[in-house]
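Reader: Hey, got a minute to go through this one with me? I'd like to talk about the contacts between chains, then pockets.
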Amino acid sequence: MTTNAITNTGRLRMKTKMLRMVAAAAAMFLAPALASAQGRYVHANNSPFDNLDPHAVFDVGRAASRINMYDGLYRWVDNPPKMIPWLAESHTISPDGLTYTFKLRRGVKFHDGSEMTSADVVYTMERMLAMKKGPAGLFLGSIAPGTTQAPDPYTVVFTLKEPSAIFLSTVPEIQVVNSKLVQRNVKDGDHGEGWLSRNDAGTGSFALRRHDPAVGFIATRFKDHFYGWEPGKKWFDEIEFRSVLDVNTRVLGMIKGDYQGTDGYLPYDQIERLRKEPNIQILEDESMRVFYFAFNMSRPPFDNVHFRRALNHAFDYNGFINDILKGSVARNPSPNPNNLWGTPKDIKGYEFDLDKAKAELAKANIQLRPITINPLAGFPETEQASVLFANALRKIGIEAKVEASPWNIVSDRFRSKDTMHDMVPLWKSTYYADPNNWVGELFTTRHHGGRSTTWYSNPELDRITDEALRITDQAERTKLYDKAIRHIVDEAVGIFVYNTKWFGPYSSKIGGIRFSPIGSGQEMRWAYFK
Amino acid sequence: MKRLAIIFSRLIWLVPTLLGLIALVFTISHVIPADPVRVIAGEQATAEQIAALRTKLGFDRPLWEQFLAYIGKVAQGDLGMSLFSQRPITEDLMARLPATLELGIAAVFLAVFVGVPLGVVSALFRNSPLDHAVRVVSVSGLAIASFWLAMELQLLFSMKLAWTPLSGRIDGFPPEPRSGFMTIDAIADRDWEALFSALRHLALPTLTLALPAAAQLVRLTRAGVLEVINSNHVLYQRAMGYPERVIVWKYVLRAAMTATVTQIGLIFGVYVLAGAIVVETVFDWPGIGLFAVNSILRSDYNGIVGFTIWAGLIFILVNLIVDLVHSFVDPRIVR
């Protein structure tokens with residue numbers, strides 16, 4: 001039908017007029033509600049969102065689905081990360097450090113409108129422990145199945161097997177699912193994994209609207225979210241996270257304006273490329289992701305401290321950081337990030353000095369053998385660091401062979417002291433913001449074959465880190481971690497190079513991004529179009 | 001009857017071919033010292049957690065036992081579950097196949113429509129500047145790495161000229177799939193805007209895939225035409241005073257095409273299916289090529305083997321179709 005046909009009759013003209021009036025009235029009525037209407041934010045992500053189950057997925061690359069559609073008992077925000085009450089309002093710890101009682105917020109709604117209660121938290125913990133995937137690793141050692149209690153609808157009690165000071169810093173990872181909804185969708189005892197991989201059963205700030213495992217997901221702002229949406233403030237109405245595997249396509253898409261954000265750990269040359277674009281802003285923050293060379297301490301000559309110190313003096317820290325990485329990272333001389341509590345501020349670490357390296361080698365007085373370095377294929381920094389290091393080692397008479405492998409092969413080799421190469425350059429990310437995440441896991445006997453990447457064993461270090469887990473007083477724990485970190489650096493159990501900086505590329509129209517090393521700035525409830 | 005015999009024999013050969021393919025890929029993917037269990041369990045996993053998950057997924061059993069169990073499942077049409085997405089591999093592949101087919105068919109059509117006429121022209125004007133130019137372009141088309149070409153096309157057409165989109169299959173988030181072919185769905189809905197958007201998104205990946213395929217077709221067609229044009233029957237047709245146009249497009253091309261048609265099956269496998277892995281990654285095209293890349297990056301055994309079985313099946317079926325077409329182009333083979 002054409003416009004002429006409508007205007008030809010008076011009746012239709014009246015109708016049009018009325019429609020216009022109704023539309024105008026509706027617009028006026030809706031105006032306050034839409035004042036903050038913000039449209040859709042599109043994010044290009046480096047990992048695929050082929051599984052949305054918060055208890056199956058735990059890698060940093062896929063944090064967006066967990067952090068935006070689900071809520072934990074507490075939540076990490078900002079940098080240095082601080083924990084704020086979230087689904088739980090408060091907690092108490094029993095004097096023996098074994099019982100943690102959380103008081104839940106009342107009136108929290110799941111996306112289907114039902115109320116979240118302590119039964120959902122208990123189900124969540126049992127589901128994680130039974131599935132044994134992703135975040136379960138944080139709890140399997142400390143909580144036994146069937147021990148989590150819900151004395152009333154708003155109280156949850158966790159009973160630990162042994163005192164663990166890090167437990168509190170892991171509760172943000174108890175991402176609560178709607179137990180009734182998930183249980184309705186359990187098939188062949190799969191804990192609802194098949195269903196939850198494509199659906200949403202959370203309370204989070206955004207509720208799933210569309211999911212295409214080959215593309216990504218769209219989530220809509222959840223108006224009834226417990227944290228509320230402050231009137232007068234801006235926010236996104238919808239968020240779209242797409243998986244775009246190719247770095248170049250992500251970068252070009254940012255420049256073209258197809259995407260308003262992408263991951264914050266792009267190669268630095270791409271960051272420099274994006275910096276030149278007027279429509280893009282690069283947000284910077286020191287992260288908590290330490291780059292280091294893990295030593296396989298189980299075989300000679302790595303059992304010799306002078307040999308290890310010689311290696312530490314043979315790495316060109318300044319050359320690597322300033323020339324290769326163009327000063328985009330900060331030197332971090334210990335295994336723990338500089339910007340975290342517990343890291344000694346006066347620790348200097350080692351400097352690049354081949355004479356000192358030679359002197360240490362002489363002190364070692366050992367039979368040298370060719371050593372192997374196993375960088376991660378596809379992560380050029382690890383390969384550059386390895387080649388740089390191998391060249392310097394040659395100058396002090398150590399033959400080094402560089403052999404790159406994909407991460408899944410390297411991680412498999414870590415399982416056994418026999419298959420792990422002599423040295424592996426890699427990063428240790430933040431899974432919970434506690435010093436134990438680094439020094440307590442990488443070098444302790446209890447984590448051999450699991451989170452330890454070094455096969456290092458020292459009774460004194462084990463004692464100190466165990467003690468730091470038993471007590472909850474932060475001042476006392478700081479002293480213990482100070483001691484543990486100094487021990488590792490003094491013993492040269494690895495080469496500690498830098499702490500990563502996060503460079504978050506966002507459209508210059510975006511405001512309100514809150515970066516936290518846990519979640520990498522992908523929590524979108526704070527962000528908005530300016 | 002002879003055609004039915006061709007189909008029948010191909011279908012019989014399908015079984016041992018696929019079995020061999022599965023055995024090869026299964027063994028290679030399982031003997032590589034990569035550990036999907038560690039990747040699934042996460043970096044924070046404890047040694048016990050990894051061991052328990054390994055037992056649950058059956059990776060602690062001997063390889064031959066795992067292989068027999070897998071073959072048993074495949075015989076029932078079950079390619080297993082993706083270790084990461086927790087969905088049946090068949091479901092994941094089915095959802096992505098239309099994207100790859102849409103792109104592959106478009107690329108083959110473009111390659112044929114460009115490659116065959118250029119090959120003929122090149123042969124007819126042998127050793128002319130035009131022939132030299134076509135040969136330079138076709139050799140370059142074969143030599144250029146597709147990921148490089150893809151990025152250059154993106155820079156020129158998407159970034160500089162802004163004629164085409166950078167990536168994806170359609171503007172915005174794709175709608176709920178029906179046939180899975182964006183163009184067919186748009187035509188069915190008479191949504192011309194969506195059709196235009198789908199075609200614009202198809203342009204660059206199609207061009208990237210079609211260029212080496214077209215280059216190969218140019219070379220084959222040129223060689224075929226040159227061989228036929230010097231044959232006795234063409235000499236006879238010339239002597240009979242047939243117009244040159246009729247000789248070339250009716251008699252020479254038909255005889256020359258027999259070799260070209262058989263090559264289209266190979267081209268589909270080598271350039272389109274294999275090329276899709278790179279092209280889908282660069283253009284963020286959610287097809288089975290991108291699925292294969294993600295499976296490989298995460299050592300998702302079931303995904304890798306599942307993709308290979310499907311790629312093998314597609315290759316065999318395309319070659320069967322090509323053989324049937326061949327029998328029409330050259331009826332001698334069914335006599």
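Author: Sure. One term up front: a salt bridge here is a side-chain nitrogen of Lys or Arg within 4 Å of a carboxyl oxygen of Asp or Glu. Also, keep in mind that this is a predicted model.

Reader: OK, how many salt bridges across the interface of chain B and chain A?
Author: The rule finds 1 there. A:Arg210 pairs with B:Glu176, and their closest N and O atoms are 3.4 Å apart.

Reader: And residue pairs in polar contact, how many between chain B and chain A?
Author: The count is 7, with both residues at pLDDT 80 or more.

Reader: Which element gives the most to the side of chain B that touches chain A?
Author: That's α3(B), with 7 residues. By class, this side of chain B has 26 nonpolar, 13 polar and 10 charged residues.

Reader: What's the area buried between the two chains?
Author: About 4,400 Å², and carbon and sulfur atoms give 53% of that. In residue terms, 49 from chain B are in contact with 58 from chain A.

Reader: Switching to pockets. How much space lies in the second largest pocket?
Author: About 890 Å³. It is lined by 32 residues, and those closest to the centre are B:Leu57, B:Lys73, B:Gly80, B:Met81 and B:Asn302.

Reader: Which elements give two or more residues to that lining?
Author: From chain A, α7 (193-196); from chain B, α1 (2-31), α3 (47-57), α4 (63-75) and α13 (301-329). α4(B) gives the most, with 4 residues.

Reader: How does the lining divide into nonpolar, polar and charged?
Author: 12 nonpolar, 11 polar and 9 charged.

Methods: Residues are numbered from 1 along each chain as its sequence is written. Chains are lettered from A and ligands numbered from 1 in the order in which they are written. This is a predicted model: local features need pLDDT of at least 70, side-chain atom pairs count only at pLDDT 80 or more; totals for chains, interfaces and linings use all residues. Side-chain values use heavy atoms; hydrogens and water are left out. On a 1 Å grid over the protein atoms alone, a cavity is a set of points where a 1.4 Å probe fits but cannot get out, and a pocket is an open set with protein on both sides within 12 Å along at least five of seven lines; lining residues have an atom within 4 Å of a point. Grid points are joined across faces, edges and corners, and a volume is the space filled by probe spheres set on the points. Ala, Val, Leu, Ile, Met, Phe, Trp, Tyr, Cys and Pro count as nonpolar, Asp, Glu, Lys and Arg as charged, and the others, Gly among them, as polar. Contact means heavy atoms within 4.5 Å. Buried area is the accessible area (1.4 Å probe) that two parts lose on being put together, summed over both. A polar contact is a pair of N or O atoms within 3.5 Å; within protein, one must be able to donate a hydrogen and the other to accept it, and residues adjacent in sequence count only if both atoms are side-chain atoms.
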